[in-house]
Structure formats: structure tokens, C-alpha cells
Amino acid sequence: MKELTYVVNNPLGIHARPAALLAQCCVNFRSSVTIICNGVDASGDNVLQILALGAKTGDTLNITAEGDDEDTAISEIEKLLHGEFEEKKPVKVLKIAFFGTKDYDRTFFSELVKDKGEGTYNSDIKYFTSRLTPETAGLAKGYDAVCAFVNDDLSRPVIETIHECGVRLILMRCAGFNNIDLQAAKECGITILRVPAYSPYAVAEHAMAIVQEANRRLHKAHNKVKDNNFALSGLLGLDLHNKVAGIIGTGKIGVCMARICKGYGMTVLGWDAYPNQALVDEGLLTYVDKEELFAKADLISLHAPLFPTTKHIINAESIALMKDTAMLVNTARGALIDNEALIDALKQGKFHAVALDVYEGEDNNVYTDRSDEPLTNDITARLMMFPQVVLTSHQAFFTREALQAIAVVTMENARNFNEGNDYGNAEVKAK
């Protein structure tokens, strides 16, 4: 175990921004980090617990790291404590209109913006429960920025309206930006900043969870047991061990999924428009062309971004190449799959298992409680007919670690804009 003692010298104490940066730093280590202040302890990777310490100027933090990377952890934490942790720079308050608010958004974001003044995020957030649409865009009048999510409408009419309202910044609290008219934003002089990565582990773990649910028919098994039915009929699954996994898109999430598949004892094939030779050298996967991957893979997992070149990458032609017993999982973008081709294939008995956290046409359902309404979405209803299909509600990202990272990076983006700092890889521009 390694230890570090730090005396707080920031006039505001351990306020929201340093707490957020410290928590995000600790998330990166395998070692367990504990922070003790005035007899109260907090987990180093939990921003809410760190804030609950209430550390003031002059208080002492006793920080311990225990694990196989404890030396690195203490070293990186010490750099942070004597760097940005103590930084103080006066800026004006940035006014943010936050659309599509859920209770879990408030939990993290409200804590990060409660402080004002030097060294803070210095932002005010107005929360709107409604999505950002042409009808609600006028609510942004008088705000410097809008904060939006994957299911918000940022088409040209919305961009032009928020521009007229005085908005200069779009904060996407997600990685994807295919719902934004980038050219319209460029013409209006609006900066777009996103969260390039939050928790690739969350998405990859969910992908494996739901494909295994579909494979082993866990959704059916649960309902049968609730009905006092313990028969195994209809629940037959397949071993993943010694099978072939095909990873479409080998960025951070795809790599996490490849490692999970490797842990199951699978052979991993990969396809990416920009192959990463380091993954081959490591022995994690072998790159092949799409056609070979589709033909050989027992499990196909989609992790590619949505571009014109990847839209409907799963279509009638690619499905025809696949094994009848193939398993397909999508936690990336719905439009990677041609719904009609998938449904036609399912009708013909193709696929042992299909697991979708995203699908084309889901937008009006995402994060909305429709339990008192009839099932009117034609795509959702048709997909739900098939016993080997599992749908979840665009929740692959939804872990505490991911929500914390989204909030911290989003507010860091807001601060960088407000202070004229470099945006790094967070900025999205029209080509």
C-alpha cells in the first residue's frame, strides 16, 4: 500500500471541479484508492463521495492506493493535486440550457456546477425535461450553450433557431454526433464539443450481457420460472468457447469486446477501416475483410461509428454470408443494421440470437416511459415477435462510472470553451 498526504490550499476547498478531476484520475487505476479527511473516508473513483468529505482550506487529505499499480496511482494523483487541483482563473458564468434531463443527470451535473468563482466550472444550468426539437429550440433563448444527447434533434432548423437565441456552443454529453447538421453549425459559428469516450467497458460488458441473454434465452427462462414452469424446452443455447467472434470496429469499445470474447476462449476476427496493427502484434485478433468475417464468425458484435460507408453494413447481402446459427449484437448505432433485411432473415429462421441495444427507428422511444401506451412502433413490435431477439433501451453506457465521466468531461468542455482553452479531441467540425 502506498500513501500520500496533501493539505488543501485551494480557497474554495475541494469543490466540484477538483473533486471531479480526482475521481476521473482514480478511475484509470486497478488499485483501490481511498481518501480520508477528518475521519471520513471516500472511494477515490466516486466524485459524489469526494464532495461529501466537505474538505476545506487547511484540511488534510490522507490518500492510500493499494493494488498492482499503486505506485503509478500515487504518482499521478500527486501530479494532479499540485497542478490543476490548485488552479484558479476568473471567468464569466456560462449559461447552459440542458435538454432531455433525467434524474441521474441532475445527480452528477448539479454537484459539479454548484460552485461559482475562481477555479470552478463557473456555469449555470437550466434543466429542461423535453428533448431538443424544432418545437423546443426556442427555450434556449438567453443561453450561451445547449447540452444535448443522442436522441436530441440538431438538424438545420434547430441549429438556426438556437443560433438566433444567442447560443454559441453545443455540448454533446455523448460520443456520437450523427444527429447534428455540422454544416449548419459551421455556418452559424457554433462550436460543437462531445465526450469522445466515457466507459468503453460499460458498453462492451453490456454487449456481452445481452447477447448471452439472447443466446441462453434468459429472458424466456425468467418468465417461465415466474409462471412456475421449470421445463427447459425453448432454452437451448450455444457454447461460446472455441467459437469465432467477429468485431466490426476496433476502437476502444471494440477492443474491450475483443478482450471479453478472448476471455471466453473465442478466436477473434476484426474489421476496421483503419486497422490497428498493435492489436495483431499483441495476439488479440486477426484482421480480415468484412466478407470473411461475416462468413466465419459465430458472434458478430458491432462497434463501428455511423458514416455513409457503414450505414446498413448489416444488410441482405452480408446476412446471406452469415451462418444460420450466427449471433448478432449491436450496441453502437441503430442504422448499422438494415431493419427490413434483419426481419426478413429472422422470418426465414436465420440467427440463433440477436441482441440490440440500438436500432434504426428507436428515437421516439429512447428514455421515454410508454408503459401506458399501445405498442405503436412498427419496428419495435416486429422485432419483439422473435423469441431469439432481445431489445434493451439504449442503456449500454448506463453505469455509474460512465455517468460520472460524461458529466466531468462535458463540464471540462464547457470550461475550456469559456476560458478559450484547447479542446483536444472533443471538438467536432464539418469536413
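**Exercise 1. State how many helices and how many strands make up the secondary structure of the protein.**

Solution. In this predicted model, the secondary structure of the protein comes to 15 helices and 17 strands.

**Exercise 2. Decide whether the radius of gyration of the protein agrees with that of a compact globule.**

Solution. Begin with the chain, which has 431 residues, so that a compact globule would have a radius of gyration near 22 Å. The protein has 23 Å, and the two values therefore agree. Next, take the box filled by the C-alpha atoms along the principal axes, which is roughly 70 × 55 × 50 Å. Then turn to burial and contacts: buried residues make up 53% of the 431 residues, and among contacts between residues at least 6 apart in sequence, 71% join residues at least 24 apart.

**Exercise 3. Check the span of helix 9 against the value expected from its 12 residues.**

Solution. Helix 9 covers residues 252–263, and at 1.5 Å a residue, counting one less than the number of residues, its expected span is 16 Å. The end C-alpha atoms of helix 9 are 17 Å apart, which agrees with that expectation. Just after helix 9, glycine 265 takes a positive phi of about 85°.

**Exercise 4. Find which residues of helix 9 are buried, and what they pack against.**

Solution. With buried taken as under 20% relative accessible area, the buried residues in helix 9 are Gly254, Val255, Cys256, Met257, Ala258 and Cys261. The buried residues of helix 9 pack against two helices, helix 7 (200–215) and helix 10 (277–282), and also against strand 10 (244–248), strand 11 (267–271) and strand 13 (299–302).

Key
Residues are numbered from 1 along each chain as its sequence is written. This is a predicted model: local features need pLDDT of at least 70, side-chain atom pairs count only at pLDDT 80 or more; totals for chains, interfaces and linings use all residues. Side-chain values use heavy atoms; hydrogens and water are left out. Helices (H or I, at least four residues) and strands (E, at least two) are DSSP runs, numbered from the N terminus. Buried means under 20% relative accessible area, exposed over 50%, partly exposed in between (1.4 Å probe, protein chains only). Contact means heavy atoms within 4.5 Å. The radius of gyration is taken over C-alpha atoms; the globule rule is 2.2 Å times the number of residues to the power 0.38.
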